[in-house]
Amino acid sequence: MSWATGTSLLVGGFLASAVRVGTPLLLAATGEMLTERAGVINLGVEGAMLGGALASALGAMSFGVWGGVILGMVAGMCIALVFGAFVVIAKVDQIICGTAITLGVVGLTGTAYRQTFGAAGPGLSIPTFASLPVPALHDLPVLGPALFTQPLLTYFAFLAIPVTWWMLFRTHWGLSVRATGESSEAARAAGIRTRGLQLFVTVIGGGFAGLAGATLVLAQVGTFAERMTAGRGFIAIAIVVLGRWHPVGVLIASLLFGVATALQFLFQALGLAVPYQLFLMLPYVLALVALAGAVGRVRAPAGLGK
Amino acid sequence: MRPRKGRRTTLLACLVLAAGGAAACGTKTDSGGFRVALITPGSITDAAWNSGAYAGLTEIKDSLHVSVSHMEARTPGEQEEGLRTYAAQGYDLVFGHGFEFQGAAERVGKEYPKTVFIITSGEKAIGNVAPLVFRLDEASYLAGMVAGGMTKTNKIGFVGGIELPPIKLAYEGWKKGAQAVNPRVESRLTYLNNFDDAAAGHEAALALIRVGVDMFHHNADAAGLGVFRAAKENPGVFIFGANADQTPLAPDRVLGSAIIDLPRAFLAVAREVRGGRFVSKVQSFGLKGGVVRYVPNSVLAAPIPAVLIQKVRAAADSIEAGTLIPVPREVANTAQNAPPSKDSATRAKPR
């Protein structure tokens, strides 16, 4: 193997890794961005991801991968519905409720998992998505294996970006969502049924989070582990801020996190004589730097969290 | 509106606490008298370090017919609180399952002198607090020998959870074993800073595979499942299990496992404490006595050359005889611990 092919394989593998790491973050952040655009900040997204991960594992074992995808989404939606009911209808504090939902789901998934599998766990027997090469494009050097030989869920995550953009900024529905997020009183005065809309968007966001959890199980690890989301839901919330509540910004921010995380693993794998803690910090440092400087003025929807 | 809101929040909090607490419930059989508790730093469904401890607790319950309880505590605060809770309830023996419990047990131990605190992979014995030390590096040394002899790329990789002394030791053993049979071998090490994130374990392993690693070992509990997954996905990549026999996770890719027979060690300690024979000291378990073992996967034994197997056997004998020390403790463990007291060295290993 020549040096050039070796390098291009390494770079291709690195990019593929960045996309793989970025995909669940992108899905969760897309859902969270929608929710926040309607004025609801959902800290339960971590819980919805974890619930989606367990449900997708159970679904895939019983009904195959697509059963897993659907059950994962449904689980995420149900968890978001509980959150939405408390927050939108009962007007409970959003931060407290979101945190409670996440903590609750950590306990519930752990209990459900042990009830189902006992202490032994399911091993690695869950069916997973094979990578699906995009015709023609996957032959491209470097980029082909990185971007166009991914599992189906990855393409879905990327396609969701233009769709979300179009929905938010080019439809009447999107205008209603954004109006509700800026000032629900004004939106209600304009005849928008804000509560129903907020509840609906929150549930859609939960569906995205559930799908993000399903991606971890069905397209990456092939098993469930308790707390396996490991804070990705909270990173997704940071990504929404970093991406300035805009689909394209969210896409860039998710990929930035993916790149930083993949870089961190690559540096450790290369055995560089630098303390590994520096690498582990990398994704977070990048986010801080980006937040502080490059992105300019950040403005949240005026009615967020109210 | 206001008071209603407050009440709902409280209700919600209760609901969530109930759900969260459910994961930490233990099994209790009421037989009165002697009571044993276990606190694990992670989920007992990790098929490794924590599940082994839980199996040990179950073994104690079944063999000694005593009542037992288990709790999961991840943060230092929860861990100290867990130790204190069990001690306050009058438990006779409390296992803090991991190095991270040492400091907390020393503090709590002073307040509750009647309870015996056993810290697995702890570092020193003080009063009623005593560590069980497992020389897992002796088994991972043997795994490393097989890896060093079998690697085609001369690159071996290790995925660690958090950089704790016992995990560093296991890594050192693995590396030295490989270097002992193959001086050209290059060893790579990745830490995840986490024991749960299986997707991170997967990604870390794939990064190592890309730089040429074809032999893996891990010590990352549930996060290690991702490493097995990566090995399964890549032809020619093999892995060695840690803490428990992990062959079933990938029967065609696991060459062997470096295991700790936690149930055996736990039962021995519980017998001593119940029989009033417990002496506070560092109890160290290695290959000798069989608590720490290297377990090959017999299905994949065929491609391993007989010469290599001979070498591994010889090394195992030397380690048991004490003529080969894979990782001298003062090198690997830079912590402040004094050399083990004399009686720990001379006292016979419990059975």
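Modeller: Helices here are DSSP runs of H or I with at least four residues, numbered from the N terminus. The model we are looking at is predicted.

Colleague: Thanks! With that in hand, which helix of chain B does Arg84(B) lie in?

Modeller: Chain B has 12 helices and 12 strands, and the helix number tells you where to look. The run that holds Arg84(B) covers residues 76-88 of chain B. Arg84(B) therefore lies in a run that meets the definition of a helix. Its name is α3.

Colleague: Is Arg84(B) buried, partly exposed or exposed?

Modeller: Buried needs a relative accessible area under 20%, and exposed needs one over 50%. Arg84(B) has 21% relative accessibility, so it counts as partly exposed.

Colleague: Which residues is Arg84(B) in contact with, leaving aside its neighbours within four places in sequence?

Modeller: A good place to look is around Gly109(B), 25 residues from Arg84(B) in sequence, where the C-alpha atoms are 8.6 Å apart. Contact asks for heavy atoms within 4.5 Å. Beyond its sequence neighbours, Arg84(B) is in contact with Val108(B), Glu111(B) and Tyr112(B).

Colleague: Let's turn to chain A. In what order do the elements of chain A run from the N terminus on?

Modeller: Chain A comes to 11 helices and 2 strands. The strands are the fourth and sixth elements in the order. Written out, chain A runs α-α-α-β-α-β-α-α-α-α-α-α-α.

Colleague: And what radius of gyration does chain A have?

Modeller: The globule rule gives 19 Å for 306 residues, and the value for chain A is close to that, so chain A is as compact as a globular protein of that length. Its C-alpha trace spans about 70 × 50 × 40 Å along the principal axes. The radius of gyration of chain A is 20 Å.

Colleague: How much of the exposed area of chain A do carbon and sulfur atoms supply?

Modeller: Chain A exposes about 12200 Å², and buried residues make up 56% of its 306 residues. For chain B, the accessible surface is about 14000 Å², of which carbon and sulfur atoms hold 56%. In chain A, the share from carbon and sulfur atoms is 74%.

Colleague: How far apart do the centres of the positive and negative side chains of chain A lie?

Modeller: Chain A has 15 positive side chains and 8 negative ones. The centres of these two sets are separated by 6 Å.

Colleague: Which element gives the largest share of the largest nonpolar core?

Modeller: That core has 74 residues, and Val217(A), Leu218(A), Phe224(A), Met228(A), Ile239(A) and Phe257(A) touch the most other members. Several helices of chain A give two or more residues to this core, among them α1 (3-37) and α8 (194-221), and α7 (198-210) of chain B does too. The largest share, 14 residues, comes from α2(A).

Colleague: How many residues does the second, separate core have?

Modeller: Its members include Val36(B), Tyr141(B), Met145(B) and Tyr171(B). The number of residues in this second core is 68.

Colleague: Where is Arg244(A) found, and what is its phi near?

Modeller: Most residues other than glycine have a negative phi. Arg244(A) has a positive one, and it is not a glycine. It is found in the loop between α9 and α10 of chain A, where it is partly exposed, with a relative accessible area of 42%. Its phi is near 55°.

Colleague: His65(B) also has a positive phi. Is His65(B) buried or exposed?

Modeller: His65(B) has its place in the loop between α2 (49-64) and β2 (67-72) of chain B, and its phi is about 55°. Exposed means over 50% relative accessible area. With a value of 60%, His65(B) is therefore exposed.

Colleague: One last pair: what distance separates the C-alpha atoms of Asp317(B) and Leu287(B)?

Modeller: Asp317(B) sits in helix α10 (residues 306-321) of chain B. At 52% relative accessibility, Asp317(B) counts as exposed. Leu287(B) is 30 residues away along the chain, and the C-alpha separation is 9.0 Å.

Notes. Residues numbered from 1 in each chain as written. Chains lettered and ligands numbered in written order. Predicted model: local features only at pLDDT ≥ 70, side-chain atom pairs only at ≥ 80, totals over all residues. Heavy atoms only, no water. Rg over C-alpha atoms; globule rule 2.2 N^0.38 Å. Buried < 20%, exposed > 50% of the residue type's maximum accessible area, 1.4 Å probe, protein only. Areas by Shrake-Rupley, 256 points an atom, 1.4 Å probe, with all protein chains shown as cover. Lys, Arg positive; Asp, Glu negative; His and termini not counted. Charge placed at Lys NZ, Arg CZ, Asp CG, Glu CD. Core = buried A, V, L, I, M, F, W, Y, C linked by side-chain atoms within 4.5 Å.
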